[in-house]
Amino acid sequence: MVAANDTMLTNPDGPAADPPFDHASAALAQRFPRNFTWGVATSAYQIEGAAHEDGRGDSIWDEFCRRPGAIRDASSGERACDHYHRVGEDIGLIANLGANAYRFSIAWPRVQPLGAGAWNEKGFDFYERLVDGLLARGVAPFLTFYHWDLPQALQERGGWANRDTVARFVEYAAEVARRLGDRAASIATHNEPWVVAILGHETGIFAPGLTSQKVAMQVSHNLLLSHGLALQALRAQRCTAPLGIVLNQAPIHAATDSPEDVARARLDDGLTIRWYMDALLHGRYPDDVLEFLGEDAPQIATGDMDAIRQPLDFLGINYYTRNLSGIGAPLAPIGDGREVTAMGWEVYPGGLTELLLRLKADYRLPPVYITENGAAYRDELVGGRVADVERIRYLHRHIAAMADALERGVDVRGYFVWSLLDNFEWADGYSKRFGIVFVDYATQRRTLKDSALWYRAFCSRATAARAGAASTDLERRHGP
Ligand code: FCB
């Protein structure tokens with residue numbers, strides 16, 4: 001980052017002065033319409049804790065964490081960031097960042113402990129407090145129904161592989177929307193169905209830890225079906241919130257120019273991007289992928305594909321890195337001498353522009369939100385400060401890549417940093433810190449990292465009235 005000390009803010013919890021906010025960042029902020037959404041994101045299991053309080057039921061992640069060896073540091077989301085008890089403080093943090101939106105998920109087992117039958121009023125009270133608290137501070141609630149924490153009771157009946165779970169999900173979605181839909185600025189059905197299906201049911205590194213391609217593909221179909229049927233149900237009950245889904249997407253590049261690697265990359269593109277996008281927007285699965293799957297292709301009932309293809313008010317994209325693929329390489333980012341994060345994920349901002357332009361070329365896209373982007377680094381709290389220069393650089397470069405796509409005609413409406421807080425990073429436990437706010441897990445003390453101070457200065461620039469400028473073309477297109 002170039003150092004031109006033109007903004008100084010005070011961090012009440014940290015050092016006397018903020019790190020300098022440079023001219024390049026100020027110029028970047030000007031590339032966005034003033035009414036652009038700037039947010040931070042979290043998910044329920046990763047931050048809430050209070051896993052067995054006030055009537056919450058077990059989720060598949062509670063169960064998975066008990067499995068020896070499943071979680072790198074043998075931890076769980078039992079306490080996590082204790083957000084359930086600190087929700088007021090955390091809303092204050094979000095508001096003080098100047099973010100105008102907060103993306104979070106509802107823990108299904110908190111509001112319906114068994115995934116069927118009785119609702120848990122205390123669970124709903126918590127989300128009522130969260131939503132009302134955000135609105136009182138001028139922060140738009142972006143809600144996700146399912147960020148991976150299926151009630152364990154449903155898993156015992158087959159989980160997402162059982163078509164009955166689809167009906168259970170629709171019932172749950174309709175109830176949450178009935179209670180909170182009037183105040184939600186946005187509702188997403190699922191977060192990253194590819195991860196749920198593949199990492200949960202094929203590679204087994206995530207809950208529920210199964211290892212069958214056939215099951216995984218049936219799960220992916222059932223997730224998509226539950227999305228479509230939930231959208232139908234919500235529209236039938238006149239839910240006013242914009243409705244959509246969040247996908248993890250990344251350009252897939254062939255590891256080498258060999259025909260085998262190029263073919264494998266095309267197939268992986270089918271399995272990760274086209275499988276979801278074609279189904280959601282065109283109502284069919286890609287032929288090459290169906291052919292590859294053969295016997296492992298899902299069972300599709302009459303009408304399913306039409307049900308999946310519902311109008312989307314928005315599409316959420318989570319972007320972290322590109323993927324390299326080939327016959328010698330598994331579908332995973334690489335780190336041979338390239339710049340990587342603490343996850344080993346390659347820093348590849350250009351992939352975000354490439355992805356957005358490609359999606360725009362291939363599909364009639366609804367408005368797009370980058371619902372997650374961020375990075376884990378080996379942060380250290382020294383003298384009340386976390387000097388996470390690399391994260392600032394990562395965020396800056398990805399926001400710039402998003403601006404490139406916006407200026408080239410992709411209708412991007414918002415951006416969410418993953419994550420507000422350091423949190424429970426699934427199979428990596430607490431060993432990976434993605435937050436722009438540092439969490440000391442022993443004391444639960446939160447400290448704004450330098451990246452949070454940078455993002456605060458950035459959001460304030462991006463949303464501030466601009467001298468001389470009435471409204472840009474982009475602002476006119478985005479409405480008031
Ligand atoms: C995404 C997840 C999110 C977080 C980030 C790092 O795949 O949606 O919960 O774990 O990765």
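Modeller: A cavity is a set of grid points where a 1.4 Å probe fits but cannot get out, and lining residues have an atom within 4 Å of a point. The model here is predicted.

Biologist: How many cavities of 30 Å³ or more does the structure hold?

Modeller: The structure has three of them. The largest cavity contains about 60 Å³ of space.

Biologist: Which residues line the largest cavity?

Modeller: The lining consists of Ile60, Trp61, Tyr146, Trp148, Trp160, Val195, Val196, Gly200, His201, Phe206, Ala207 and Pro208. By class, ten of the lining residues are nonpolar and two are polar, with no charged residue.

Biologist: Which helices each supply at least two residues of that lining?

Modeller: Helix H3, residues 60-65, and helix H9, residues 193-201, do so. H9 contributes four residues, the most to this lining.

Biologist: Now the ligand. Which residues surround the ligand?

Modeller: A residue is near a molecule if one of its heavy atoms lies within 4 Å of it. Here the ligand has around it Gln46, His147, Trp148, Asn191, Glu192, Tyr320, Glu372, Trp418, Glu425, Trp426 and Phe434. This shell has five nonpolar, three polar and three charged residues. Trp148 is in the ligand shell and also in the lining of the largest cavity.

Biologist: Where do polar side-chain atoms lie 2.8 Å from an oxygen atom of the ligand?

Modeller: A polar contact is a pair of N or O atoms within 3.5 Å. Gln46 places a polar side-chain atom 2.8 Å from a ligand oxygen, and His147 does so at 2.8 Å. For Glu425, a side-chain N or O atom is 2.8 Å from an oxygen atom of the ligand. On its own the ligand has 290 Å² of accessible area, and the protein covers 94% of that.

Biologist: Away from the ligand, how should I read Ser226? Is Ser226 buried or exposed?

Modeller: Buried means under 20% relative accessible area. Ser226 has a relative accessible area of 0%, so Ser226 is buried. Ser226 is part of helix H10, residues 213-236. The side chains of Ser226 and His190 are joined by a polar contact of 2.8 Å.

Biologist: And Thr321, where does Thr321 lie?

Modeller: Thr321 is in the loop between strand S7, residues 314-318, and strand S8, residues 323-325. Its relative accessibility is 7%, so Thr321 counts as buried.

Biologist: What lies 2.7 Å from a polar atom of the side chain of Thr321?

Modeller: The backbone oxygen of Glu346 is at that distance from the Thr321 side-chain atom.

Methods. Residues are numbered from 1 along each chain as its sequence is written. This is a predicted model: local features need pLDDT of at least 70, side-chain atom pairs count only at pLDDT 80 or more; totals for chains, interfaces and linings use all residues. Side-chain values use heavy atoms; hydrogens and water are left out. A polar contact is a pair of N or O atoms within 3.5 Å; within protein, one must be able to donate a hydrogen and the other to accept it, and residues adjacent in sequence count only if both atoms are side-chain atoms. Accessible areas come from the Shrake-Rupley method with a 1.4 Å probe; for residues, only the protein chains shown count as cover. Ala, Val, Leu, Ile, Met, Phe, Trp, Tyr, Cys and Pro count as nonpolar, Asp, Glu, Lys and Arg as charged, and the others, Gly among them, as polar. On a 1 Å grid over the protein atoms alone, a cavity is a set of points where a 1.4 Å probe fits but cannot get out, and a pocket is an open set with protein on both sides within 12 Å along at least five of seven lines; lining residues have an atom within 4 Å of a point. Grid points are joined across faces, edges and corners, and a volume is the space filled by probe spheres set on the points. Buried means under 20% relative accessible area, exposed over 50%, partly exposed in between (1.4 Å probe, protein chains only).
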